[in-house]
Every structure is written in C-alpha cells, then in structure tokens.
Amino acid sequence: SMEPDRLVVLPEDINLSVAAFTEIISVSYHAIQRFLHFSHERRNVIGVWGDGNLGYITALLLKTILPDTKIYVFGVNEYKLHDFSFADEIYLVSDIPEDLHLDHAFECVGGAASSKAINQIIDYINPEGTISIMGVSEDLAPINTRMVLEKGLRIFGSSRSGREDFLGLINLYRENPDLLNQLEKIVGAEIRVTGIQDIITAFEADIHKIMGKTIMIWEN
C-alpha cells in the first residue's frame with residue numbers, strides 16, 4: 001500500500017540491523033534540523049539529558065553534524081554513560097559542577113523524570129538558549145517558567161519526521177561511515193522470527209534489556 005514517492009533507497013552496504021531503526025534516528029535528525037533553524041549560532045557547548053537509546057542517538061548525531069561543538073551528556077546510569085565514548089564530557093545528574101554552562105540542550109529523558117531534567121537544563125543553560133524536548137511523558141511536567149522568562153529561553157518539541165529527514169539522514173550515513181559504526185553499538189538482541197512464539201520472545205527480551213535496540217529478523 002506504500003506509494004513509490006514515500007520510499008527512500010538505502011546504501012547497498014548498510015548494516016540492515018541499523019537500518020531497521022532508522023525511523024527513530026530520523027526523529028532525532030528532524031529535531032536537530034529544527035534546532036539549527038531556531039537557535040542562535042553560539043553553539044560552543046550543547047547538553048543532552050538522557051543516557052538511553054534516544055539520548056545516545058541524539059548526542060551522536062549532534063557530534064556528527066556539529067563536530068566543532070562540545071557535546072556533554074547527562075544521565076543517571078554511570079555504566080550506560082561510558083557507552084558515549086564520542087561525547088566530550090559525561091556527567092551523572094546528581095554530580096553536575098555548579099559552574100557548568102551550556103549554550104543549548106536536548107531533553108531525551110521522558111517519563112516521570114522529564115520535569116527534573118528540563119528544570120536542570122533551565123538551571124545550567126545560558127540566556128537565550130534553545131531547549132529541545134524529545135522525551136515523551138504521560139504526565140504533566142511542571143517547569144520553572146520564571147527562569148525561562150528571565151533567561152529568555154526558547155523551548156520546542158519534536159517527536160516526528162518526514163521523507164526529507166530520511167533523505168538527509170541517508171546522506172549523513174554515506175558521508176560519515178563512522179556514524180554507522182557507532183550506531184551498531186546499540187544493536188542489542190537480534191532474534192530470528194519464524195512464528196508467533198519468536199515474536200513473544202523478542203518483546204520479552206526487549207522489556208528486560210538495559211540498553212540497545214532489539215531487532216527482529218523476519219524469515220519464511
């Protein structure tokens with residue numbers, strides 16, 4: 001049922017397990033493109049809150065697209081933070097230096113911790129900075145609007161992408177082979193699916209994993 005103009009051709013030599021989660025990568029790509037349009041051009045330091053898959057993908061794309069910008073990653077799990085080998089600095093959210101300053105930031109936490117993450121960003125971001133909210137939360141997230149006003153901050157949200165984002169991302173893949181190598185690090189379990197039980201096994205494996213994407217390889 002897919003119209004031909006919706007299809008995007010992948011590079012022939014791409015790792016298909018990485019290609020399988022290109023959609024979520026395109027969401028980060030879309031958010032970054034909007035950020036580049038909205039934000040001022042002082043981009044010496046950008047912070048990424050979140051040590052999960054979305055935080056990893058977003059921080060990696062930022063470092064690839066803005067190689068001269070320092071990327072700081074903030075999380076709650078020291079073990080997972082060590083996977084961010086490309087980042088310029090990593091911090092536990094419970095141990096952030098008081099004199100740290102950011103020009104802009106991306107929130108990739110979501111859930112009940114969204115509010116805390118956004119308010120930490122507001123504390124450490126420089127005036128007139130831009131905050132991208134990407135983490136999904138089912139609950140309302142109270143934020144410090146007084147400091148948003150005092151600092152003149154811009155906040156925007158992104159959770160979708162379109163065909164142009166896929167095209168731009170595929171070009172980024174082609175131009176930066178190391179990007180794909182880094183993305184391979186978050187491929188978790190690869191489960192071959194031949195029946196319903198294999199699908200159940202894949203979903204159970206995904207629920208219990210700490211980090212990484214569970215890939216289902218469909219076979220006849």
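These legends walk through a predicted model, first as a whole chain and then in a handful of close-ups. Local features need pLDDT of at least 70 and side-chain atom pairs count only at pLDDT 80 or more, while totals for chains, interfaces and linings use all residues. Residues are numbered from 1 along each chain as its sequence is written, and side-chain values use heavy atoms, with hydrogens and water left out.

**Figure 1. The whole chain, with its 9 helices and 8 strands.** Helices (H or I, at least four residues) and strands (E, at least two) are DSSP runs, numbered from the N terminus. Because a compact globule of 220 residues would have a radius of gyration near 17 Å, the chain's 18 Å agrees with that picture; the radius is taken over C-alpha atoms, and the globule rule is 2.2 Å times the number of residues to the power 0.38. Lined up on the principal axes, the C-alpha atoms fill a box of roughly 60 × 35 × 30 Å. Of the 220 residues, 45% count as buried (buried is under 20% relative accessible area, exposed is over 50%, partly exposed is in between; 1.4 Å probe, protein chains only). Take the contacts (heavy atoms within 4.5 Å) between residues at least 6 apart in sequence: 73% of them join residues at least 24 apart.

**Figure 2. Surface and charge of the chain.** About 12100 Å² of the chain is accessible, and carbon and sulfur atoms own 50% of that. These areas come from the Shrake-Rupley method with a 1.4 Å probe; for residues, only the protein chains shown count as cover. As for charge, there are 18 positive and 32 negative ones, and their mean positions are 4 Å apart. Lys and Arg count as positive and Asp and Glu as negative, with His and the chain ends not counted; each charge is placed at NZ of Lys, CZ of Arg, CG of Asp or CD of Glu.

**Figure 3. Phe38 and Phe156, one of the aromatic pairs.** The structure holds 8 aromatic pairs. In this one, the rings of Phe38 and Phe156 sit edge-to-face, 5.1 Å centre to centre with 75 degrees between the planes. Phe38 belongs to helix α2 (residues 22-38) and Phe156 to strand β6 (residues 154-157), so the pair ties together parts that are 118 residues apart in sequence. Phe38 is partly exposed at 27% relative accessibility, whereas Phe156 is buried at 7%. Rings of Phe, Tyr and Trp (its six-membered ring) pair if their centres lie within 6.5 Å; planes under 30 degrees apart are stacked, over 60 edge-to-face, and the rest tilted.

**Figure 4. An aromatic cluster, and Tyr79.** Trp49, Tyr72, Phe74 and Tyr91 form one aromatic cluster. Tyr79 is part of helix α4 (residues 78-81) and counts as exposed, at 66% relative accessibility. Its C-alpha is 9.5 Å from that of Asp51, which is 28 residues away in sequence.

**Figure 5. Glu128, a loop residue with positive phi.** Most residues other than glycine have a negative phi. Glu128 is not a glycine, yet its phi is about 65 degrees. This residue is found in the loop between α5 (114-124) and β5 (130-133), and it is exposed, with a relative accessible area of 56%.

**Figure 6. Met147 in helix α6 (residues 145-151).** Met147 is partly exposed at 24% relative accessibility. Not counting residues up to four places away in sequence, Met147 touches Ile122 and Leu153. From Met147 to Ile122 is 25 residues in sequence but 6.9 Å in space, C-alpha to C-alpha.

**Figure 7. Tyr173 in helix α7 (residues 163-175).** Tyr173 is buried, keeping a relative accessible area of 2%. Setting aside neighbours within four places in sequence, Tyr173 contacts Ile14, Thr22, Ile25, Leu179, Leu180 and Leu183. Tyr173 and Leu10 are 163 residues apart in sequence, with their C-alpha atoms 9.4 Å apart.
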